[in-house]
Amino acid sequence: MGVRVDLNVSLDGYATTEGGTPDNPFGEDWNKLTAAYVATRTFRERVLHDTSGEGTTGVDNRYAAAYFEGVGAEIMGAGMFGFHTFPDEPNWKGWWGDEPPFHVPVFVLTHRELESIEMAGGTTFHFVTASPPEVLAAATAAAGGKDVRIGGGPSTVREFLDAGLVDRLHVAIAPILLGRGINLWEGLRGLEVGYEVATETAESGTVHVTFARAPVDPRE
């Protein structure tokens with residue numbers, strides 16, 4: 001079991017875009033930030049439920065497939081769930097559709113007191129007010145020995161990184177400059193210390209950077 005993160009970021013480190021509207025909640029730059037991921041066959045199958053076989057099958061798709069493998073529980077912030085999109089809608093179930101792509105228990109960090117929401121396909125949203133160690137303990141218990149993924153957004157991910165709770169961080173760096181939004185790296189100077197860092201460039205020009213904790217020798 002491990003704690004992992006996968007995020008799309010720009011060359012200048014931004015993992016969100018601005019200018020969102022109710023009709024386009026992610027903003028006009030989101031499609032550019034996530035273009036390589038959205039183009040993969042795995043994304044089309046797992047998120048769009050497209051079984052046509054269309055989509056890229058190269059390096060980006062390999063990382064997209066790994067995103068869904070071995071995860072037993074997910075943690076996300078209220079923004080990733082989408083509370084800010086329809087804050088006054090009592091029956092709002094997030095922007096992930098009737099069958100979200102997670103298929104595992106999802107713990108949403110929020111100050112709202114809400115009952116859990118069970119969705120089609122095995123996803124159940126649990127709404128919790130807790131510190132990173134506390135919610136991680138609950139997610140670990142629910143994961144059944146599989147990995148726990150910190151899904152985002154970047155502010156939530158930074159909290160877990162700052163607390164030293166992440167075993168593997170994968171960032172897909174899109175070849176674009178955003179200049180605004182929430183920067184993943186803010187306040188994380190020296191993060192690479194204690195991790196083994198590997199890079200791989202995809203056909204799309206996306207650079208996949210992985211920070212993985214060095215394995216611990218049980219004899220030490």
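Trainee: Which residue in strand 5 stands opposite Glu118?
Mentor: First, the ground rules: this is a predicted model, where local features need pLDDT of at least 70, side-chain atom pairs count only at pLDDT 80 or more, and totals for chains, interfaces and linings use all residues. Residues are numbered from 1 along each chain as its sequence is written, and side-chain values use heavy atoms, with hydrogens and water left out. Strands (E, at least two residues) and helices (H or I, at least four) are DSSP runs numbered from the N terminus. In strand 5, the residue opposite Glu118 is Thr124.

Trainee: What is the strand order of the open sheet?
Mentor: Two strands pair if DSSP finds at least two bridges between them. Pairing in this open sheet of nine strands is mixed. The order is 4-5-3-2-6-1-7-9-8.

Trainee: Why is one side of strand 4 and of strand 8 left without a neighbour in the sheet?
Mentor: Strand 4 covers 117-118 and strand 8 covers 195-201. One side of each is free because both stand at the edges, each with a single partner strand.

Trainee: Do strands 4 and 5 run parallel or antiparallel?
Mentor: Strands of a sheet pair through backbone hydrogen bonds, and either direction is possible. Here two bridges join strand 4 to strand 5, residues 124-128. The two run antiparallel.

Trainee: What angle does the direction of helix 7 make with that of strand 6?
Mentor: Helix 7 (154-162) packs on the sheet, touching strands including strand 1 (3-10), strand 2 (71-77) and strand 6 (147-152). Axes are lines fitted to C-alpha atoms, for helices over the stretch in contact, and angles run from 0 to 180 degrees between N-to-C directions. The angle is about 135°.

Trainee: Is Thr156 buried or exposed?
Mentor: Thr156 is found in helix 7. Contact means heavy atoms within 4.5 Å; leaving aside neighbours within four places in sequence, Thr156 is in contact with Gly77, Leu109 and Ile150. Buried means under 20% relative accessible area, exposed over 50%, partly exposed in between (1.4 Å probe, protein chains only). At 10%, Thr156 counts as buried.

Trainee: Which residue does a cis peptide bond join to Gly152?
Mentor: Most peptide bonds are trans. In this cis bond, omega is about -5°. The partner lies in the loop between strand 6 and helix 7. The residue is Gly153.

Trainee: What is the relative accessible area of His49?
Mentor: His49 is found in the loop between helix 3 (41-46) and helix 4 (59-68). Phi of His49 is positive, near 60°. His49 is partly exposed, at 44%.
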